[in-house]
Amino acid sequence: VSTQSTGSSGINAEYGGALPNSSAKLYYQGDRIHKIKTSVLKVDNVPKMITLDYEIDISGIPFGEDQAMAQKEDGTIIPVSNFRLSYYPHRLTNFIAMLKAEFGESTEHQVLSDFTADPPEDYIASFYVHVIKKQE
């Protein structure tokens with residue numbers, strides 16, 4: 001078992017946690033995000049879990065005396081709230097097979113690459129959205 005820390009810029013496990021294109025920064029937008037640390041857990045050199053550790057700037061929100069604090073790049077000390085988001089890094093082909101097994105081979109299914117229905121041929125997606133149309 002090994003973990004790979006990728007700093008504050010990545011999700012895509014295939015690329016070592018780095019986001020291959022700027023449109024993929026959807027999860028990282030917001031003026032309250034102070035820092036995000038991304039880690040990739042690998043077992044036998046295969047990614048098994050992605051973990052995002054967020055520090056959110058809660059300036060202006062009441063907090064207790066034991067509140068965690070962090071220092072911004074400009075030296076300002078701010079109160080932060082921490083939370084962790086973990087998920088399994090499904091491979092596209094395997095995930096589609098799981099959906100077909102669950103909803104049926106004839107179910108209408110569309111895959112959007114970074115919310116794009118028809119990306120350029122050389123486009124490297126950071127995430128996929130699956131749209132399943134309910135059968136009548």
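**Strands and salt bridges: a quick tour**

Okay, let's start with one residue pair: isoleucine 56 sits across from serine 81, and that serine is in strand S5. Before I go on, keep in mind that this is a predicted model.

So what is around that pair? Strand S3 covers residues 46-57 and strand S5 covers residues 77-87, and the two run antiparallel, joined by eight bridges.

S3 has another partner. Strand S2, residues 33-43, is antiparallel to S3 too, with 10 bridges between them. If you want a spot to click on, try lysine 42, which faces proline 47 in S3. S2 and S3 make a hairpin, and there are two residues between the strands. Look at the turn there: aspartate 44 has a positive phi, about 50°.

Now over to the other partner of S5. That's strand S4, residues 69-71, again antiparallel, and here three bridges do the joining. The pair to look at is methionine 69 opposite proline 79 in S5. S4 and S5 form a hairpin as well, this one with five residues between the strands. Which residue in that turn has a positive phi? It's glycine 75, at about 95°.

Right, on to the charged side chains. How many salt bridges does a search of the whole structure find? Two.

The first one I'll show is aspartate 53 with arginine 84, where the side chains meet at 2.6 Å, N to O. Aspartate 53 belongs to strand S3 and arginine 84 to strand S5, so this contact links distant parts of the chain, 31 residues apart. How open are these two to the outside? Arginine 84 has a relative accessible area of 59%, so it counts as exposed. Aspartate 53 comes out at 21%, which makes it partly exposed; the cut-off for buried is under 20%.

The other salt bridge is between lysine 133 and glutamate 108, at 4.0 Å, N to O. For anyone scripting this, the cut-off is within 4 Å. Why does this pair tie together parts that are 25 residues apart in sequence? Because lysine 133 lies in the segment after strand S7 (128-132), while glutamate 108 is in the loop between helix H1 (92-103) and strand S6 (109-113). As for accessibility, glutamate 108 is at 51%, so that one counts as exposed; the line for exposed is over 50%.

To wrap up, go back to S5: it pairs with S3 through eight bridges and with S4 through three, and its arginine 84 reaches aspartate 53 in a salt bridge. That's what I had, thanks.

Note on methods. Residues numbered from 1 in each chain as written. Predicted model: local features only at pLDDT ≥ 70, side-chain atom pairs only at ≥ 80, totals over all residues. Heavy atoms only, no water. Pairing = 2+ DSSP bridges. Helix = DSSP H or I, 4+ residues; strand = E, 2+ residues; numbered from the N terminus. Buried < 20%, exposed > 50% of the residue type's maximum accessible area, 1.4 Å probe, protein only.
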